[in-house]
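The following exercises are to be worked with the sequence and the model side by side. Each task is followed by a solution in steps.

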Amino acid sequence: MRVLNYLELESRLERAGIGTAHDQQVEALRRARDAGADVDVVESPWRGDGPVSGLLGGVGGALAGDGALREYDVAHCNLIGPGSVAVARHAKRHGRPLVLHCHVTSEDFRESFRGSNAVAPALRRYLRWFYSQADLVLTPSEYTKRQLADYPVDAPIRAMTNGVDHGSVAGHEALREEYRDRFDLDGTVVFAVGSVFERKGLTAFCRVAERLDHDFVWFGTVDSGPQASPTVRKWTSDPPENVTFTGWVDDKPGAFGAGDVFFFPTKEENQGIVVLEAMACGKACVLRDIPVFREYFEDGHDCVLCEDEDEFAAALDRLAADPDERERLGANARETAAEHSLDRVGDRLVDTYEELLDDA
């Protein structure tokens, strides 16, 4: 069984959650193959040195016709642009099962870039059309599945965790002192990891920091170009005294090693791979109380869920003063992360592909 697992614009998304999700799918399928599954993965749909990445590459592939595309048995696309449209049309034309993975919704597009809120309604209409072409739409959560059903998307929809690659954060303990020294961090460090957007809870992160004495650090890319929102510019250009924005860091494990309490006041997520990464590292997690986190995590067991800045501040102060409670939450979080192993994801993906081929 040859699976085309495709992420257009891959080189531009290597620092984004979509890129992480795609990489984890490929790794999960590799593990399934090594365990004996009859599966082979190709990541580019284009033959030879044809268009392999980028927007123009996707358009070129769409115009080049059937001869431009490689042979495959199942197509699995992870983005929504012209390259993915070309693959979807090819799959439908040739009767090959088509899986479209929903990593983008109009809801999670809001408050990401300058102008994203204005574009979101039109994006919703496009996504309804795009995802409706699939033989199966995969979503990272039941929450996102319900969102697509409300669009409505006219295709079967199935929820499946993105999983977490424990190997991607291995060795975080050994990098702790190096990263704390590099960014002048001391005491109980409150931290976040990922691209800096308002949708990720930037304002709440900074306002809560202003109320507390602990060091706060956000490891992740900060947009400075024209696409950056005014809110991002405001907080990153003049942050509170105890807040550090590091920009991109090469060693992701170092970010998780440096911090003590993972603070993620995001407003909207399809799942939140970064939370699973923090849990895999045994970190106590303070999260916003949103439906997708209620689906996967348990308040007071493997995380603390909060509704507003008062609750965030109280939870962070309490955990900073209670290392035993941090350890208890972190130990339970490790167990939760283990339930999302890539071995399990690989098995589920293979079963899904085989089911679609049997029905084709």
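**Exercise 1.** Determine which backbone oxygen the side chain of arginine 199 reaches, and decide whether arginine 199 is buried or exposed.

*Solution.* The model is a predicted one. Begin with the contact: the side chain of arginine 199 comes to 2.8 Å from the backbone oxygen of glutamate 268. Next, locate the residue: arginine 199 belongs to the loop between β7 (189-193) and α8 (202-211). Finally, apply the cut-off. A residue is buried if its relative accessible area is under 20%. The relative accessibility of arginine 199 is 8%, so arginine 199 counts as buried.

**Exercise 2.** Establish the strand order of the sheet that contains β7, and identify its edge strands.

*Solution.* Step one is the order: six strands form an open sheet, arranged β9-β8-β7-β10-β11-β12 with parallel pairing. Step two concerns the edges. β9 (243-247) and β12 (304-306) each have a single partner strand, so one side of each is left without a neighbour in the sheet. From one strand to the next, the twist averages 25 degrees. Step three adds a helix: α8 packs on this sheet and touches β7, β8, β9, β10 and β11, its direction making about 160 degrees with that of β8. For a closer look at one pair, take β10 (residues 261-264) and β11 (residues 284-288), which run parallel and are joined by four bridges. Here phenylalanine 263 is opposite valine 286 in β11.

**Exercise 3.** Describe the surroundings of valine 217.

*Solution.* First, valine 217 is placed in strand β8 (residues 215-219). Second, its relative accessible area is 0%, and valine 217 is therefore buried. Third, neighbours within four places in sequence are set aside; the residues in contact with valine 217 are then Leu185, Val189, Val190, Phe191, Ala192, Phe205, Thr244 and Thr246. A further distance can be read between C-alpha atoms: those of valine 217 and alanine 255 are 9.2 Å apart, with their positions 38 residues apart along the chain.

**Exercise 4.** Find how many residues of helix α11 are buried, and state which strands the helix α11 lies across.

*Solution.* Helix α11 (residues 273-280) has eight of its eight residues buried. These are Ile273, Val274, Val275, Leu276, Glu277, Ala278, Met279 and Ala280. The helix α11 lies across β7, β10 and β11, and runs at about 170 degrees to β10. Just after α11 comes glycine 282, with a positive phi of about 75 degrees.

**Exercise 5.** Work out the order of the sheet that contains β1, then classify the packing of α1 with α15.

*Solution.* This open sheet has six strands in the order β2-β1-β3-β4-β5-β6, paired in parallel. Its edge strands are β2 (40-42) and β6 (157-159), each pairing on one side only. Helix α1 (residues 17-34) packs on the sheet, where α1 touches β1 (2-6), β2, β3 and β4, at about 160 degrees to the direction of β1.

Turn now to the helix pair. The axes of α1 and helix α15 (residues 342-359) are 8 Å apart and meet at an angle of about 85 degrees. Angles of 65 to 115 degrees count as roughly perpendicular, and α1 is therefore roughly perpendicular to α15. Among the residues making the contact are Gln24, Leu29 and Arg31 of α1, and Leu342, Asp343 and Tyr353 of α15. By class, the contact residues comprise eight nonpolar, three polar and three charged.

Technical notes: Residues are numbered from 1 along each chain as its sequence is written. This is a predicted model: local features need pLDDT of at least 70, side-chain atom pairs count only at pLDDT 80 or more; totals for chains, interfaces and linings use all residues. Side-chain values use heavy atoms; hydrogens and water are left out. Two strands pair if DSSP finds at least two bridges between them. Helices (H or I, at least four residues) and strands (E, at least two) are DSSP runs, numbered from the N terminus. Contact means heavy atoms within 4.5 Å. Axes are lines fitted to C-alpha atoms, for helices over the stretch in contact, and angles run from 0 to 180 degrees between N-to-C directions. Buried means under 20% relative accessible area, exposed over 50%, partly exposed in between (1.4 Å probe, protein chains only). Angles under 35 degrees count as roughly parallel, over 145 as roughly antiparallel, 65 to 115 as roughly perpendicular and the rest as oblique. Ala, Val, Leu, Ile, Met, Phe, Trp, Tyr, Cys and Pro count as nonpolar, Asp, Glu, Lys and Arg as charged, and the others, Gly among them, as polar. A polar contact is a pair of N or O atoms within 3.5 Å; within protein, one must be able to donate a hydrogen and the other to accept it, and residues adjacent in sequence count only if both atoms are side-chain atoms.
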